Amino acid sequence: MQDALTLEQSDTLAGLDRFNDGRICLAEAPGYSRFICSFKAETLTGAIAEALSFFEEFPGVLVRSVELDPQALAENGMATASVVPAP
């Protein structure tokens with residue numbers, strides 16, 4: 001997300017148990033919202049799919065991009081020619 005959460009979205013988020021297990025956290029600033037996710041999985045695709053599945057229960061949220069932390073890529077050996085950190 002890039003916009004701040006609406007009051008309705010904040011209330012919905014507070015009621016979703018899936019978002020309270022420590023794997024997804026919300027970072028907010030004035031007019032800005034971002035979710036930071038940490039999932040363990042056999043594959044990168046599996047981790048992304050599981051993280052995205054959480055948002056199925058969160059109406060009104062559009063996931064615009066998935067960004068991978070450069071340090072996580074290096075630590076997990078995921079950096080490849082097809083998966084590289086953004087410049």
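Two aromatic rings of Phe, Tyr or Trp (its six-membered ring) are taken as a pair if their centres lie within 6.5 Å, and the pair is called stacked when the planes are under 30 degrees apart, edge-to-face when they are over 60, and tilted for the rest. By this criterion, a search of the whole structure finds eight aromatic pairs. In one of them, phenylalanine 19 and phenylalanine 54 have ring centres 5.9 Å apart and planes at 85°, so the arrangement is edge-to-face. This pair links distant parts of the chain, since phenylalanine 19 lies in the loop between helix 1 and strand 1 and phenylalanine 54 in helix 2, 35 residues apart.

The model is predicted: local features need pLDDT of at least 70 and side-chain atom pairs count only at pLDDT 80 or more, whereas totals for chains, interfaces and linings use all residues. Residues are numbered from 1 along each chain as its sequence is written, and side-chain values use heavy atoms, with hydrogens and water left out.

The overall architecture comes next. The protein has three helices and two strands, with helices (H or I, at least four residues) and strands (E, at least two) being DSSP runs numbered from the N terminus. From the N terminus on, these elements follow the order α-β-β-α-α. Of the 87 residues, 21% count as buried; buried means under 20% relative accessible area, exposed means over 50%, and partly exposed lies in between (1.4 Å probe, protein chains only). The accessible surface comes to about 6200 Å², of which 53% belongs to carbon and sulfur atoms; such areas come from the Shrake-Rupley method with a 1.4 Å probe, and for residues only the protein chains shown count as cover. Contact here means heavy atoms within 4.5 Å. Among the contacts in the protein with a separation of 6 or more, 48% are accounted for by residues 24 or more positions apart.

In soluble globular proteins, nonpolar side chains tend to be buried together. The largest nonpolar core of this model has 13 residues, and those with the most contacts inside it are Phe19, Ile24, Phe35, Phe55 and Phe58. Helix 2 (residues 44-54) supplies the largest share of this core, three residues. A nonpolar core is a set of buried Ala, Val, Leu, Ile, Met, Phe, Trp, Tyr and Cys residues joined through side-chain atoms within 4.5 Å. Isoleucine 24, leaving aside its neighbours within four places in sequence, is in contact with Phe19, Phe35, Ile36, Cys37, Phe39, Ala51, Phe54 and Phe55.

Several of these residues return in the aromatic pairs. Phenylalanine 19 counts as buried because its relative accessibility is 6%, and phenylalanine 54 counts as buried at 2%. Phenylalanine 55 and phenylalanine 58 form a stacked pair, 6.4 Å centre to centre with 5° between the planes, and both residues are buried. Ring pairs join Phe19, Phe35, Phe39, Phe54, Phe55 and Phe58 into a cluster. Phenylalanine 54 also has a charged partner: the charged end of arginine 18 sits over its ring, 4.1 Å from the centre. A charge sits over a ring if NZ of Lys or CZ of Arg is within 6 Å of the ring centre and within 35 degrees of the ring normal.

Charged side chains also pair with one another. A search of the whole structure finds two salt bridges, a salt bridge being a side-chain nitrogen of Lys or Arg within 4 Å of a carboxyl oxygen of Asp or Glu. Arginine 23 meets aspartate 21 in one of these (2.9 Å, N to O). Arginine 23 also forms a salt bridge with glutamate 50, the closest N and O atoms being 2.8 Å apart. Because arginine 23 lies in the loop between helix 1 (7-15) and strand 1 (24-29) and glutamate 50 in helix 2, this pair ties together parts that are 27 residues apart in sequence. Asp21, Arg23 and Glu50 are thus linked in a network of salt bridges. Each is partly exposed: arginine 23 at 27% relative accessibility, aspartate 21 at 39% and glutamate 50 at 28%.

Phenylalanine 39 touches both the charged network and the aromatic cluster. This residue lies in the loop between strand 2 (32-37) and helix 2 and counts as buried at 14% relative accessibility. Not counting neighbours within four places in sequence, phenylalanine 39 is in contact with Arg23, Ile24, Ala47, Glu50, Ala51 and Phe54.
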